[in-house]
Amino acid sequence: MTGNITFTMIKPSAFEAGYTGKILAMIEEGGYKIKAIRKIWLSKTMAGHFYEMHVGKPFYEELTTFMSSGPIVAAILEKENAVESFRKFIGATDPAKAEKGTIRNLYGKNLGENAVHGSDSDESAEREASFFFSFTERV
Ligand code: CMP
């Protein structure tokens, strides 16, 4: 049984470059319904909590510094089989390996500045959605 929601963030480099509108248009045209959305500038502490599963990995420090370097756009998306389909839709984590025409291929620069985040499981999607949005913001 797969869930119908996933969570995404437009990362600071893509937001700063002015890609937010284009990325959101691609997402909506891809059949994802935006259930909740917010622009927010994370503190390093908040970014650290969001990515706590990566504590101890070599890229953790760089990741949390980058994710708190400017505003992001966080959103909950709804579609059938949302997690798996959205991961395919945005392309591989490394933009250099992302399929042509995907969001990361079009708007990502490198492994860290890869334009967007996408949840990696239904459990992560629920955790990440709840990290940013209250029940009343999601209905
Ligand atoms: P994201 O989907 O936001 O989840 C964790 C992020 O860590 C990932 O996208 C990348 O931007 C970043 N990252 C940096 N280096 C690595 C790495 N070596 N392996 C995986 N993710 C990395």
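The paragraphs below lead through the nonpolar cores, a buried serine, the aromatic pairs and the salt bridges of this chain. The model is a predicted one, and every value quoted here is computed from it.

A natural place to begin is the interior. In soluble globular proteins, nonpolar side chains tend to be buried together. In this model the largest nonpolar core has 21 residues, and those with the most contacts inside it are Phe7, Met9, Met67, Ile72 and Phe132. At least two residues of this core come from each of strand 1 (5-10), strand 2 (33-40), helix 3, helix 4, strand 3 (72-78) and helix 7, and helix 4 gives the most, with 4 residues. The surroundings of Ile72 illustrate how these elements meet: once its neighbours within four places in sequence are left aside, Ile72 is in contact with Met9, Ile10, Lys11, Pro12, Arg38, Lys39, Ile40, Leu42, Met67 and Phe132. There is also a second, separate core of 16 residues, which includes Ile10, Ala14, Leu24 and Val116. Ile10 therefore belongs to that second core, while it is also listed among the contacts of Ile72.

Not every buried residue in this model is nonpolar, and Ser119 is a case to follow in detail. Ser119 is found in the loop between strand 4 (116-118) and helix 7, and with a relative accessible area of 0% it counts as buried. What does the side chain of Ser119 reach at 3.1 Å? The partner is the backbone nitrogen of Phe7, a residue that is among those with the most contacts inside the largest core. A polar contact of 2.7 Å also joins the side chain of Ser119 to the side chain of Glu128. Residues up to four places away in sequence not being counted, Ser119 touches Thr6, Phe7, Val83, Arg87, Ser124, Ala125 and Glu128, so that both of its polar partners, Phe7 and Glu128, also appear in this list of contacts.

The aromatic residues give another view of how the chain is put together. A pair of aromatic rings is described by the distance of the centres and the angle of the planes. The structure holds 11 aromatic pairs. In one of them, Tyr19 and Tyr107 form a tilted arrangement, with 4.7 Å from centre to centre and 40° between the planes. Because Tyr19 lies in the loop between helix 1 (12-16) and helix 2 (20-29) and Tyr107 in helix 6 (residues 103-107), this pair ties together parts that are 88 residues apart in sequence. Tyr19 is partly exposed at 27% relative accessibility, whereas Tyr107 is buried at 17%.

Tyr32 and Phe89 form another tilted pair, at 5.3 Å centre to centre and with 50° between the planes. Here Tyr32 lies in the loop between helix 2 and strand 2 and Phe89 in helix 5, so the pair ties together parts that are 57 residues apart in sequence. Tyr32 is buried, with a relative accessible area of 4%, and Phe89 counts as partly exposed at 22%. The ring of Tyr32 has a further partner, since the charged end of Lys79 sits over it, 4.5 Å from its centre. Elsewhere, Phe7, Phe50, Tyr51, Phe131, Phe132 and Phe133 form one aromatic cluster, and over the face of Phe50 lies Arg127, at 5.8 Å from the ring centre.

Arg127 leads on to the charged pairs, of which the model has 7 that count as salt bridges. Arg127 forms one of these with Glu52, the closest N and O atoms being 3.8 Å apart. Glu52 lies in the loop between helix 3 and helix 4 and Arg127 in helix 7 (residues 122-132), so this bridge ties together parts that are 75 residues apart in sequence. Both ends are partly exposed, Glu52 at 43% and Arg127 at 28%.

In the salt bridge of Glu61 with Lys44, the closest N and O atoms are 2.4 Å apart. This pair links Glu61 in helix 4 (residues 60-67) to Lys44 in helix 3 (residues 44-50), 17 residues apart. Glu61 is partly exposed at 48%, as is Lys44 at 36%.

The side chains of Lys88 and Glu84, by contrast, meet within one helix, with 3.6 Å from N to O. Because these residues are 4 residues apart in helix 5 (residues 82-90), about one helical turn separates them. Lys88 counts as exposed at 61% relative accessibility, while Glu84 is partly exposed at 43%.

Definitions and conventions
Residues numbered from 1 in each chain as written. Predicted model: local features only at pLDDT ≥ 70, side-chain atom pairs only at ≥ 80, totals over all residues. Heavy atoms only, no water. Salt bridge = Lys/Arg side-chain N within 4 Å of Asp/Glu carboxyl O. Buried < 20%, exposed > 50% of the residue type's maximum accessible area, 1.4 Å probe, protein only. Core = buried A, V, L, I, M, F, W, Y, C linked by side-chain atoms within 4.5 Å. Contact = heavy atoms within 4.5 Å. Polar contact = N/O pair within 3.5 Å; in protein donor to acceptor, adjacent residues only side chain to side chain. Phe/Tyr/Trp six-rings, centres within 6.5 Å; stacked < 30°, edge-to-face > 60°. Lys NZ or Arg CZ within 6 Å of the ring centre and 35° of its normal.
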